[in-house]
Amino acid sequence: MTSITPTALRLRRRLALSLAAACCVLGTHAAAAESQCKQTAEGYPARPVTLVVGFPPGGQTDQVARFVAEALGSRLGQPVVVDNRGGAGGTIGAASVAKAPADGYTLMLGTLGTQAINASLYPKLPYDHLKDFKAVAYVSTAPNVFLVRADSPVTSMKDLVAAVKAKARPINIALPGNGTSPHLSSALFENMAGIQMQSIMYRGNAPALADVLGGQVEFLVDSVTTALPHVQRGTLRALGVTTVQRSPLLPDVPSVSETLPGYEVNPWWGVVAPGATPAPVVQRLNCEINEALKDPKLVKRFQDLGAMTQPMSSDAFGQLIARETAKWEKVIKAANIRLE
């Protein structure tokens with residue numbers, strides 16, 4: 001039997017006391033945060049809350065919405081029910097929320113597309129995307145990524161630019177839909193790099209991936225979430241991620257901005273509400289969502305999806321939406337992107 005020296009015993013006791021103290025501090029902080037959140041909009045919510053998703057079940061946005069609904073419902077003490085209303089790039093769901101009662105019981109998981117890009121793609125939206133919505137809380141982001149088949153001679157974004165400039169014919173690039181963030185990622189890159197590729201539009205990620213893997217198309221832009229399994233299996237090579245920072249899931253893959261300074265495409269998700277939603281309700285929701293995003297288990301769920309969480313104030317999120325709207329309006333006009 002191994003004997004424990006008095007010194008080791010004292011160290012163990014000190015460690016135990018330190019851990020107990022740390023737990024008390026964490027518990028106190030958690031209780032204080034919960035109390036602080038509940039100080040705003042007391043009595044809200046008194047019934048279930050609906051979180052509208054402008055896309056069909058099973059997709060990436062739907063998965064993010066269900067993460068948010070579960071975590072937010074737990075903190076609010078009322079169910080948060082996901083309501084999928086897909087169609088027209090998210091505008092059908094967005095229209096339903098814009099016209100809903102502004103009482104905090106109808107929310108939407110907005111995206112870069114629904115809250116910023118669509119304003120320039122759809123000239124006659126049935127709502128004003130800035131006035132008819134109130135930014136509540138930024139949730140997470142997942143980059144897009146430029147890809148080639150693993151056996152391609154192109155190994156970097158510099159190689160991609162050189163390949164396009166060296167060919168007399170346009171180089172094809174597969175994109176999972178007209179007006180999607182991968183499409184705009186490609187358009188912005190072409191504009192900034194001074195090159196032109198032939199965009200091949202597909203209805204979704206799967207057929208675009210299939211044609212690149214089959215060698216029918218040279219390049220692809222897709223969400224890192226969709227592309228990651230193929231990169232890990234070694235069937236696709238990632239050339240660059242569209243966010244300024246490298247993705248933790250692909251730490252060895254450079255950001256496009258390392259080749260093209262100033263380049264950034266940051267697809268994101270965030271909760272929005274009808275524009276006239278009372279400030280105390282917005283503050284309560286922002287506080288609860290931001291606290292939920294500190295939970296390591298929830299952070300891990302987002303990471304497994306390829307997304308990174310980022311708490312943000314309601315005002316900061318609103319300013320981000322305004323900046324993104326102005327940025328993508330210029331890109332869409334410059335690339336003459338139109339919905340068919």
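In which sense do strand 1 and strand 2 pair, and over how many bridges? In this predicted model, the pairing of strand 1 with strand 2 is parallel and extends over 5 bridges. Within this pairing, valine 49 has valine 80 of strand 2 as its bridge partner. The two strands belong, together with helix 2, to a β-α-β unit of right-handed sense.

Helix 2 covers residues 60-76, a run of 17 residues. From its first C-alpha to its last the helix reaches 24 Å, close to the 24 Å expected at 1.5 Å a residue. An α-helix has 3.6 residues a turn, so residues three or four places apart point the same way. The buried residues of helix 2 are Thr61, Asp62, Val64, Ala65, Phe67, Val68, Ala69, Ala71, Leu72, Gly73 and Leu76. Glycine 77 follows helix 2 and has a positive phi, near 80°.

The sheet to be described next includes both strands of this unit. It is an open sheet of 6 strands in the order 2-1-3-10-4-11, and its pairing is mixed. Strand 2 (80-84) and strand 11 (308-309) stand at the edges; each has a single partner strand, so one side of each lacks a neighbour in the sheet. Helix 9, formed by residues 279-292, packs on the sheet and touches strand 3, strand 4 (133-141) and strand 10 (268-274). The direction of helix 9 makes about 5° with that of strand 4.

Strand 1 (residues 49-53) also pairs with strand 3 (residues 106-111), in the parallel sense and over 3 bridges. Here threonine 50 is placed opposite threonine 106 of strand 3.

The model contains 1 disulfide, which joins cysteine 37 to cysteine 287 with an S to S distance of 2.0 Å. A disulfide is a covalent bond between the sulfur atoms of two cysteines. The link between cysteine 37 and cysteine 287 is left-handed, with -80° about the S-S bond. It connects distant parts of the chain, as cysteine 37 lies in helix 1 (residues 6-38) and cysteine 287 in helix 9, 250 residues apart. Cysteine 37 has a relative accessibility of 0% and therefore counts as buried. Cysteine 287 has a relative accessible area of 17% and is also buried, because the cut-off for this class is under 20%.

Note on methods:
Residues are numbered from 1 along each chain as its sequence is written. This is a predicted model: local features need pLDDT of at least 70, side-chain atom pairs count only at pLDDT 80 or more; totals for chains, interfaces and linings use all residues. Side-chain values use heavy atoms; hydrogens and water are left out. Two strands pair if DSSP finds at least two bridges between them. Helices (H or I, at least four residues) and strands (E, at least two) are DSSP runs, numbered from the N terminus. Contact means heavy atoms within 4.5 Å. Axes are lines fitted to C-alpha atoms, for helices over the stretch in contact, and angles run from 0 to 180 degrees between N-to-C directions. The expected span of a helix is 1.5 Å times one less than its number of residues. Buried means under 20% relative accessible area, exposed over 50%, partly exposed in between (1.4 Å probe, protein chains only). A crossover is right-handed if, with the strands pointing away from the viewer, the path from the first strand over the helix to the second runs clockwise. A disulfide is a pair of cysteine sulfur atoms within 2.5 Å.
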